[in-house]
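Biologist: Before reading this model as a whole, I should like a close look at a single part of it. Please choose one strand and describe it together with its surroundings in some detail.

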Amino acid sequence: MVSVLQNVAIDCTDAYTLARFWSEVTGRPLGPDDRPGDHEIAVPLADGPALYFNQVPEPKIVKNRVHLCLRPETTRDEEVARLLTLGATLVADRRNPDGTGWAVLADPEGNEFCVLRSDADRAATMT
């Protein structure tokens with residue numbers, strides 16, 4: 001017997017706003033009944049578990065112990081630029097001059113996540 005991963009829960013102070021950000025990141029819609037002020041909102045991913053946003057009263061204080069890693073369809077650098085325009089912030093730039101590495105960003109509530117190299121980026125750096 002095994003367990004199946006149903007969702008990744010993310011505590012937040014504004015479930016609707018943070019779910020909208022991640023909806024834009026992933027290109028997946030919110031549910032038709034989701035509204036501002038809702039305390040729980042899920043963003044179902046196409047090929048996996050849902051991102052589940054749970055509104056809590058306490059703010060985020062320390063670095064995440066678990067975080068999401070994204071592999072973009074475009075280049076890593078194009079995706080980092082897009083996410084910054086959506087409201088993410090750059091936390092740590094781990095990109096290397098040879099094209100390897102990743103970028104650590106934070107969502108509007110400070111939850112860290114990584115943007116990895118795309119398949120095209122990886123192919124371009126193979127020798």
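Modeller: I choose strand β6, which is joined by 4 bridges to strand β7 (residues 112–115), the two running antiparallel. This is a predicted model, in which local features need pLDDT of at least 70 and side-chain atom pairs count only at pLDDT 80 or more, while totals for chains, interfaces and linings use all residues. Residues are numbered from 1 along each chain as its sequence is written, and side-chain values use heavy atoms, with hydrogens and water left out.

Strands (E, at least two residues) and helices (H or I, at least four) are DSSP runs, numbered from the N terminus. Two strands pair if DSSP finds at least two bridges between them. Within the pairing of β6 and β7, L105 faces F113 of β7, and V104 is placed opposite C114 of β7. The hairpin of β6 and β7 has 5 residues between the strands, and G110 there adopts a positive phi near 90 degrees.

β6 also has a partner in strand β5 (residues 89–95), with which it pairs in the antiparallel sense over 6 bridges. In this pairing D93 stands opposite A103 of β6. The hairpin of β5 and β6 likewise has 5 residues between the strands, and here G99 has a positive phi near 95 degrees.

These pairings belong to an open sheet of 4 strands in the order β4-β7-β6-β5, with mixed pairing. Its edge strands are β4 (68–70) and β5, each of which pairs on one side only. On average, neighbouring strands of this sheet are turned by 20 degrees against each other, direction ignored; the axes are lines fitted to C-alpha atoms, for helices over the stretch in contact, and angles run from 0 to 180 degrees between N-to-C directions. In a regular strand the side chains alternate between the two faces of the sheet.

How far is β6 enclosed by the rest of the structure? Of the 6 residues of β6 (residues 101–106), 5 are buried, so the strand is largely enclosed by the rest of the structure. Buried here means under 20% relative accessible area, exposed over 50%, and partly exposed in between, with a 1.4 Å probe and protein chains only. Helix α2 (residues 76–86) lies across β4, β5, β6 and β7, and runs at about 10 degrees to β6. Contact means heavy atoms within 4.5 Å.

C114, the residue opposite V104, leads to the cysteines. The structure holds 0 disulfides, a disulfide being a pair of cysteine sulfur atoms within 2.5 Å. C12 is in none, and the nearest cysteine sulfur, in C114, is 20 Å away. The sulfur of C69 is 4.4 Å from its closest cysteine sulfur, that of C114, which is too far for a bond. C69 is partly exposed, at a relative accessible area of 45%, whereas C12 counts as buried at 1% relative accessibility.

For context, a further open sheet has 3 strands in the order β1-β3-β2, with mixed pairing. Its edge strands are β1 (7–12) and β2 (40–44), each pairing on one side only. Its neighbouring strands are turned by 20 degrees against each other on average, direction ignored. There, 6 bridges join β1 to strand β3 (residues 50–55), and the two run parallel, with I10 opposite F53 of β3.
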